Amino acid sequence: MRTKNASFLVLFLKVMIPVCIVIFSFSFFLLQKATAEKKETIYESTLMLSHMISNVAKFDREFSLEDAFERDAQQATLYQIKQTFEKFNNIQKSQFEYYIAEKSDKKIKFIACSTDNKPNEIILNKYNVKTPIIEVFSGKNSVDILYNHEHKKVFAAYIKIPESNWALVVEESYLEHIKPFKESAVYMSVIILFILSIIYFILKYYEQKNMQLINETEHRYKNLLESTHNWIWEVDTEGKYTYVSKQVEEILGYKAQEIIGKSPFDLMPKDEALRVKRAFKKIIENEQEIINIENINIHKNGHEVVLLTNGTPFFNATGQLLGYRGVDRDITDEKNKQKEIEHLAYYDLLTGLANRKTISIRIDEEISYTQRNEIVSALIYMDLDGFKFINDSLGHNHGDKVLQIVAQRLKECIRKFDVASRVGGDEFIVLVRGKDKDYKKCQIVLKGLIHRIINAVNMPIDIENGVNHIGVSIGVAFIPKDGDNANDIIKRADSAMYKAKQMGKNRAVFYDKYLQEEADKHIEIKNELVNAFNNDEFVIYYQSQHDVDTAEVRGYEALIRWKHNTKGILMPYEFMPYVEKFGLSLELDKYVCEKIYEHFYKLRQDDSINISINISATSFEDPEFIAYVEEKVKNNDVRTNQVTLEITEDTLIKNLDASFINRIRALGFRVSIDDFGTGYSSLSYLTKIDFDEIKLDMTFIHAIQNSKKDEEICKLILHMCNELGANVVAEGIETREQLEFVKKEGATIIQGYFYSKPLPYEEIFS
Ligand code: C2E
Ligand code: MG
Ligand code: MG
């Protein structure tokens, strides 16, 4: 804006000065012209006058003035000359003065003058200046601008009057002549000065206004710049800071003056400086804009600050690069957040280990790496043994701590370039980079590592609530032998781990093809099972239980069947192991309970039938099951005293939990020990729990026909059951002999094909 005004002023002066020159030149020209005209007029007039005077002097008698007779002839002549001259002045509208002089010896004597203040005579000497009268008597007839004898500058025409000794000088004040020009020039100057002043003040006023506006804008702009969290900078062609805004102190801890003269690279770590220099090189060479270049700087306090740099080159009038100006934005927080988000996306929040996504990427990379370098790497798939129990019984917080400790121990076992990750609740994967291309050698190394991992995990885990012991099942797959993508490798290591789990705790199994086939079959069955739940393919059969004496029906045992859409009715032994393997037991037990509830509490509301329900070992351990049962009883009409929950002896021995049985019994349910006699263990557990019924395993019943010894054992068990004061159910009774035998030995309830096979609900109750 300021530049605009200045140029406007210059432009104005550039116009005004020539205009003034023209005006003054024109005035001067007019003056010259008028002077020339004046000279001509005055000379011609003087010439004419001189003739007239000559004539007047010659023929003075011809003038008829009344009083002319009273004067002497010369006076009359002069008078007439004067009259003539006045007439002449009137005609010419001028203020000419004249005088007539006569030269005698060394004197010039004035004869007649238009004014009275002329000297009578002039004595001639060599010091006389050139006055008109002196000039004329020196023989010149002319017109000129001269100083007269009164030292006034005048226009003077001087002529020798013909035929006389007289000379006529007609003069006019030169000052009077130039006065109008002088005045007009002065007026003009004043007017121009005035105009210029007005324009100047107007410009000044606008300039001031503009200045004020500029100041305000600058102030606002500065405020704006300084109110942002970015800092503004300018560097010269050397890349040295020539200006930095004060925010730099807030961002980098340095005062602006500490930065001036430094290069941006002085504030970066060495490696970063090299990297950024490389990035800038091409941009600066091509005088391009700097757009969003990220760079790490070191704060005065020593911590890292990430800046986002944007800048534009600036040039001089000839287009030569003078430097760059730009803005740096502190994006440290954004970067940290981004890192956090990335961390969340790629790392397990609980343990800080890599997550499934990250390990999958790393496995894919490892596959290519091993193929390129012809080496063998390995994937260790780990599943903790006994973790679920700790997690369920001691709570999730406790479980989380256990996982964190295991993760820490795992990290300590592996090398820096191996990758540990958590891929599920208690499942971990370790990607182990090999050195050799020989699988056997690799296996030996891995065995050492696996040994260390098992030992580390097995070490007691000491948390507030007590010491925990945990095992680990491990499956190993080789890279690249066991798959050409991460998914396959993980799947294979997983199936090997599964095998290890089946073989008992703290074992490791290396993947082989056979395992995979088995695993594939498992997956197929698992999918079928899940679909069976969704499609409601399970049905409940009921097998009656009879009074040993009267043969009356005392109740029914609920037994599940799977109505498979291609394989027909499947028996429990065909699918129950998979239900348990795939962790679907709890779901199945709840499913059965719901079905039974539907049959006996919705359809047969007033029925007084006793129902026995089998509870799987998993549900017995799972707090969710007891919670489910309690909830069901609380919110529904369940005649709990007509329901017996069967728990196998095996389950009881493995997970002796009196509290579960107590809670079940507290709700009014009856508890039966199923498959009694197969536990091959101490019977001491019987003293620790309360139960209502014992179901003698059918293998004893069926054995009695074969040997006397088995018969004796059977008798012994039946007696013992009687001693314990519980109802004794003999299941698997197929013949009258078997019936008679158990009846004799004290069984109270009979269940078996002798009376009925398990039948669908509809066949018995409708
Ligand atoms: P269990 O509870 O001991 O059931 C008795 C089994 O003996 C039944 O086999 C039944 O059909 C069979 N049985 C009954 N009388 C005779 C007989 O005279 N001769 C012969 N040979 N067998 C007889 P099933 O139905 O195949 O069930 C097998 C096991 O599967 C059950 O043994 C039980 O442990 C489990 N099971 C069955 N249904 C369920 C269920 O709904 N939930 C759970 N968790 N387990 C179930
Ligand atoms: Mg049973
Ligand atoms: Mg049984």
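The following paragraphs describe the two magnesium sites, the surroundings of ligand 1, and two further local features of a predicted model.

The magnesium ion designated ligand 2 is held by four protein donors, namely Glu557 (OE), Asn614 (OD1), Glu646 (OE) and Asp674 (OD), at distances of 2.0 to 2.2 Å. Along the chain, these donors follow the spacing E-x56-N-x31-E-x27-D. Within this set, Asn614 belongs to strand β22 (residues 610-615) and Asp674 to strand β24 (residues 670-676), a pair that links distant parts of the chain, 60 residues apart. The two residues differ in their accessibility class: Asn614 has a relative accessibility of 26% and therefore counts as partly exposed, whereas Asp674, at 5%, counts as buried.

The magnesium ion designated ligand 3 is coordinated by Asp674 (OD), Asp675 (OD) and Glu731 (OE), with distances of 2.1 to 2.4 Å. The corresponding spacing along the chain is D-D-x55-E. Asp674 bridges this ion and the magnesium ion (ligand 2), the two lying 4.0 Å apart. Because Asp675 is located in strand β24 and Glu731 in strand β26 (residues 727-731), this pair ties together parts of the chain that are 56 residues apart in sequence. Asp675 counts as partly exposed, with a relative accessibility of 24%. Glu731, by contrast, has a relative accessibility of 8% and so counts as buried.

Residues of the metal sites also take part in the environment of ligand 1. This ligand is surrounded by 23 residues, of which Asn614, Asp674, Met698, Glu734 and Tyr753 are the closest. Asn614 and Asp674 thus appear both in this list and among the donors of the magnesium ion (ligand 2). Several polar side chains approach ligand 1. An N or O atom in the side chain of Glu734 lies 2.6 Å from a nitrogen atom of the ligand, and the side chain of Asp589 places an N or O atom 3.3 Å from a nitrogen atom of ligand 1. Asp675, a donor to the magnesium ion (ligand 3), has a polar side-chain atom 3.0 Å from an oxygen atom of ligand 1. Taken alone, ligand 1 exposes 780 Å², and 84% of that area is buried by the protein. The elements contributing two or more residues to the shell around ligand 1 are β20 (553-564), α15 (572-581), α16 (585-603) and β24. Of these elements, β20 gives the most, with four residues. Strand β24 is also the element that holds Asp674 and Asp675.

Two further features concern other parts of the chain. In strand β19 (residues 538-547), which contains Ser544, a polar contact of 2.7 Å joins the side chains of Ser544 and His546. Ser544 counts as buried because its relative accessibility is 6%, under the 20% limit for that class.

A nonpolar surface patch of about 980 Å² is formed by Val186, Tyr187, Val190, Ile191, Phe194, Ile195, Ile198, Ile202, Tyr205 and Tyr206. Tyr206 resides in helix α4, which covers residues 174-227. With a relative accessibility of 46%, Tyr206 counts as partly exposed, and its value is therefore over the 30% required of residues in a patch.

Conventions:
Residues are numbered from 1 along each chain as its sequence is written. Chains are lettered from A and ligands numbered from 1 in the order in which they are written. This is a predicted model: local features need pLDDT of at least 70, side-chain atom pairs count only at pLDDT 80 or more; totals for chains, interfaces and linings use all residues. Side-chain values use heavy atoms; hydrogens and water are left out. Patches are made of residues with over 30% relative accessible area and no salt bridge: like charges are joined within 9 Å, nonpolar side chains (Val, Leu, Ile, Met, Phe, Trp, Tyr) within 5 Å. Accessible areas come from the Shrake-Rupley method with a 1.4 Å probe; for residues, only the protein chains shown count as cover. A salt bridge is a side-chain nitrogen of Lys or Arg within 4 Å of a carboxyl oxygen of Asp or Glu. Buried means under 20% relative accessible area, exposed over 50%, partly exposed in between (1.4 Å probe, protein chains only). Donors are N, O and S atoms within 2.8 Å of the metal (3.2 Å for Na, K and Ca); water is not among the atoms, so sites may look incomplete. A residue is near a molecule or strand if one of its heavy atoms lies within 4 Å of it. A polar contact is a pair of N or O atoms within 3.5 Å; within protein, one must be able to donate a hydrogen and the other to accept it, and residues adjacent in sequence count only if both atoms are side-chain atoms.
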